[in-house]
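This report describes a protein model in prose, moving from one helix outward to the chain as a whole and then to individual sites. Please read it alongside the sequence and coordinates shown here.

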Amino acid sequence: MNRILKNIRFDKPLMILISILIILGVMIFLSAALGILPNNELKFFSIIKSQMLYIFIFGSLALFLGSKINYKYYKKYAILIFILTYIFTLSVFIPGLQFYYNGAYRWVHIFGLSIQPSELLKFGSIVFMSFFCTKYNKYLKNIKIGLLSFLIFSIVVASALLAQPDFGTLVIILMPVFIIYFVSGVKWRDILIIILSGALLFLALVEMRPYMKERLLTYKNPDRESLGAGYQLNQSLIAIGSGGLAGRGIGQSIQKFNYLPEQISDSIFAVYAEEVGFIGSIILLLLFLSIIIRGIHISKMAEDTFGRLLSIGIIATFFFQTILNIASAIGIAPVSGVPLPLISKGGTSFVFLMFEFGVLLNISKYKIKI
């Protein structure tokens, strides 16, 4: 066994951390899903079967493929990858393919499977921005080549996601590409312009989109409309608060039964916190943090600029998705509808995040020689 581990070229600590998170995630998901069982036994077993299929078959295959394909191919085909993932994202507007759920067109039905195309766009976007910042690194401080290109790219991506609407995914895409752009050595002038533009866009959307304004008002005052717009946040805070220091015990959550909406997706952290308390929550956060730190280490050791930027983009995607979900659950950010990475229900999200981790493992094979 030790001989096999020594012959593995990719980053073993990252692989171990991912495996631990998946195992823990399965336990958390199964416990949260028990909240469905008393009301709909058939739905419970269907969800469990589907999630296990995505985790142990599709997810494992995605991780394997991502780790085997040389990451340098993505640089060669970066523009094509982005165009294809963008076109696929627009497929949610095609009648017959589109799937309407919770007031949005974010999914398509293909061969009996529900797929969220924007999950592919996350990868396509960081690949494209990594390629762009690598190829034009010397010219990024030029306002026409650097800043203008970044703003045009952001507008193109935003136009597809805001039409669905899916503001949460838009944030998770634009923040990592912003980080890639930032670490490429651009001027602070450009960074300030981007931040200001993003703030103005957010304020404009709050005024134009009633549902965003409602979520923002609920975030400012969780007690308003406790049975309406603020219901999910209030129930989430009750669950987390009742967990105390050590929690009620694994499987013993009360809020997951008929109280907490989306207990296996958006609100799964609240169920976990209720069962394991503050101590267990910190352990999970440290696991997330360990994966992020390991990803940063891999980016520093990457043998070329593209590999460094791509690994930064992958770990930033993981970071912002984690932060946005947990921040929504504990009330320090508006409810976003973003799943908790490798834990929440969501086959497409799980599979493509596993693929991205596979890519990160592939990058770790090609280290700079010290």
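## Helix α7 and its surroundings

In this predicted model, the buried residues of helix α7 are Leu147, Phe150, Phe153, Ser154, Val157, Ala158, Ala160, Leu161 and Leu162. These buried residues pack against four other helices, namely α5 (78-90), α6 (118-135), α8 (167-183) and α9. Helix α7 itself covers residues 147-162, and its 16 residues reach 22 Å from the first C-alpha to the last, close to the 22 Å expected at 1.5 Å a residue.

One view of this packing from the side of α9 (residues 188-208) is given by Ile194, which is found in that helix. Ile194 is buried, with a relative accessible area of 11%, and, leaving aside neighbours within four places in sequence, is in contact with Leu147, Phe150, Leu151, Phe178 and Tyr181. Of these partners, Leu147 and Phe150 are among the buried residues of α7. The C-alpha atoms of Ile194 and His297, which are 103 residues apart along the chain, are separated by 27 Å.

The loop between α7 and α8 holds Pro165, and the peptide bond leading from Gln164 to Pro165 is cis, with omega near -10°.

## The chain as a whole

The protein chain has 14 helices and three strands. Its radius of gyration is 21 Å, close to the 21 Å that the globule rule gives for 370 residues, so the chain is as compact as a globular protein of that length. Taken along the principal axes, the C-alpha atoms fill a box of roughly 60 × 60 × 45 Å.

Of the 370 residues, 50% count as buried, and the accessible surface comes to about 17700 Å², of which 69% belongs to carbon and sulfur atoms. Among contacts between residues at least 6 apart in sequence, 72% join residues at least 24 apart.

## The largest nonpolar core

In soluble globular proteins, nonpolar side chains tend to be buried together. In this model the largest nonpolar core has 94 residues, and those with the most contacts inside it are Tyr74 and Phe357. The largest share of this core, 13 residues, comes from helix α12 (residues 268-301).

The surroundings of Tyr74 can be listed in detail: not counting residues up to four places away in sequence, Tyr74 touches Ile69, Ile81, Phe123, Val127, Phe306, Leu310, Phe355 and Val359.

## Helix α2

Helix α2 (residues 12-33) has 22 residues, which at 1.5 Å a residue should span 32 Å, and the distance of 31 Å between its end C-alpha atoms agrees with that expectation. The N-terminal end of α2 is capped by Asp11, which places a side-chain oxygen 2.9 Å from the backbone nitrogen of Leu14.

Ser31 also belongs to helix α2 and is buried, with a relative accessible area of 6%. Not counting residues up to four places away in sequence, Ser31 touches Gly251, Lys256 and Glu275.

## Helix α13 and the loops on either side

Ser311 lies in helix α13 (residues 305-330), where, at 0% relative accessibility, Ser311 counts as buried. The side chain of Ser311 reaches the backbone oxygen of Gly307 at 2.9 Å; apart from neighbours within four places in sequence, Ser311 is in contact with Ser299, Leu360 and Ile363.

Asp304 is placed in the loop between α12 and α13 and, at 24% relative accessibility, counts as partly exposed, because the cut-off for buried is under 20%. Asp304 touches Tyr71 and Lys72, not counting residues up to four places away in sequence. The C-alpha atoms of Asp304 and Ile172, 132 residues apart along the chain, are separated by 25 Å.

Leu342 is placed in the loop between α13 and α14 (347-365). Phi of Leu342 is near 60°, a positive value in a residue other than glycine, and this residue counts as buried at 5% relative accessibility.

How values were computed: Residues are numbered from 1 along each chain as its sequence is written. This is a predicted model: local features need pLDDT of at least 70, side-chain atom pairs count only at pLDDT 80 or more; totals for chains, interfaces and linings use all residues. Side-chain values use heavy atoms; hydrogens and water are left out. A nonpolar core is a set of buried Ala, Val, Leu, Ile, Met, Phe, Trp, Tyr and Cys residues joined through side-chain atoms within 4.5 Å. Buried means under 20% relative accessible area, exposed over 50%, partly exposed in between (1.4 Å probe, protein chains only). Helices (H or I, at least four residues) and strands (E, at least two) are DSSP runs, numbered from the N terminus. Contact means heavy atoms within 4.5 Å. The expected span of a helix is 1.5 Å times one less than its number of residues. A polar contact is a pair of N or O atoms within 3.5 Å; within protein, one must be able to donate a hydrogen and the other to accept it, and residues adjacent in sequence count only if both atoms are side-chain atoms. The radius of gyration is taken over C-alpha atoms; the globule rule is 2.2 Å times the number of residues to the power 0.38. Accessible areas come from the Shrake-Rupley method with a 1.4 Å probe; for residues, only the protein chains shown count as cover.
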